[in-house]
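Subject: Structure for you to look at

Hi there,

Here is the structure I promised to pass on. Please open it alongside this email and have a look before reading my notes.

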Amino acid sequence: MGWSVRDMVSHVVGLMDEAVRVRVMLRHIVTAKRRYPAMNLLDGTNAVQIDDRRQRTEAELLAEFIRLAPRAARARRRVPALIRRTKPPAGFAMPPGVTFGHVLDVVIARDIFMHRVDIARACGRDVVAVESDGEVVAQAVRDLDRGWAGPPLALDLLGAGRWNLGEGEPVATARVEAVGFARLLSGRAGDLNFDIAGDREVEIALRKARVPF
């Protein structure tokens, strides 16, 4: 997409605004269909979130982030069960079976985690770890395992735990840095070194793997 750091912050703040005010989310969807007809609905609404904040100063964006973050977390927890069980429109490009509840509780947290990494990398800063990072990575691996079609393997994410993917006895153990692997799952480019013990064909499947971020 070619987003700047400012664009990523605007997108994250826009997500929070949508959680707090449902009418904002509906307006973003309607505007995206009109303004960005060539994009899928998810990318279009993201673009509208950024458009909405092009005139904000950096100080205004930061203030909006601080104001909305706790309110957005509370608002997502209050979403009724009926809505949580429904599935997002096809234009949001989620895998089959994903519900709004999963998007609200898992995918959005994963998205914000990844943009934190993106911003740190763009600014040449180290990613400051927080307590929730381990659960975000674990949820990404759980989603990966649900749709895993590759050979069974043991996945050792350095600093974030060990999981078995697939059914049956693992044919290999793959060791890899956790944040780099999360970036790979999100579809981000970059060099990533796998330490494979056993059948090295598992690396091909791992490099092709994706989960929604």
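Below is what I found, going from the whole chain down to a helix and two residues.

First, a reminder that this is a predicted model.

**The chain overall**

The chain holds 9 helices and 4 strands. In sequence order the elements run α-α-α-α-α-α-α-β-β-β-α-β-α. For 213 residues, a compact globule would have a radius of gyration near 17 Å, and the 18 Å found for the chain agrees with that. The C-alpha trace spans about 55 × 40 × 35 Å along its principal axes.

As for packing, 43% of the 213 residues count as buried. If we take contacts between residues at least 6 apart in sequence, 51% of them link residues at least 24 apart.

On the outside, the chain exposes about 11800 Å², with carbon and sulfur atoms supplying 55% of that area. There are 33 positive and 27 negative side chains, and the centres of these two sets are 8 Å apart.

**Helix α1**

You may enjoy this one. Helix α1 covers residues 5-20, and its 16 residues reach 23 Å from the first C-alpha to the last, close to the 22 Å expected at 1.5 Å a residue. Its buried residues are D7, M8, S10, H11, V12, V13, G14, L15, M16, D17 and E18. Which elements do the buried residues of α1 pack against? They meet α2 (22-35), α3, α4 (58-77) and α6 (100-123).

**Q49, on the α3 side**

Q49 sits in helix α3, residues 41-51. With a relative accessibility of 1%, Q49 is buried, because that is under the 20% cut-off. Leaving aside residues up to four places away in sequence, Q49 touches S10, H11, G14, L15, E18 and H28. Of these, S10, H11, G14, L15 and E18 are among the buried residues of α1. Q49 and E18 are 31 residues apart in sequence, yet their C-alpha atoms are 9.1 Å apart in space.

**E203**

Further along the chain, E203 belongs to helix α9, residues 202-208. Is E203 buried or exposed? E203 is buried, because its relative accessible area of 16% falls under the 20% cut-off. Apart from residues up to four places away in sequence, E203 touches F194 and I196.

If you look at just one spot, I would suggest Q49 and its contacts with S10, H11, G14, L15, E18 and H28.

Happy to talk it over whenever suits you.

Best wishes

Terms used:
Residues are numbered from 1 along each chain as its sequence is written. This is a predicted model: local features need pLDDT of at least 70, side-chain atom pairs count only at pLDDT 80 or more; totals for chains, interfaces and linings use all residues. Side-chain values use heavy atoms; hydrogens and water are left out. Helices (H or I, at least four residues) and strands (E, at least two) are DSSP runs, numbered from the N terminus. The radius of gyration is taken over C-alpha atoms; the globule rule is 2.2 Å times the number of residues to the power 0.38. Buried means under 20% relative accessible area, exposed over 50%, partly exposed in between (1.4 Å probe, protein chains only). Contact means heavy atoms within 4.5 Å. Accessible areas come from the Shrake-Rupley method with a 1.4 Å probe; for residues, only the protein chains shown count as cover. Lys and Arg count as positive and Asp and Glu as negative; His and the chain ends are not counted. The place of a charge is taken as NZ of Lys, CZ of Arg, CG of Asp or CD of Glu. The expected span of a helix is 1.5 Å times one less than its number of residues.
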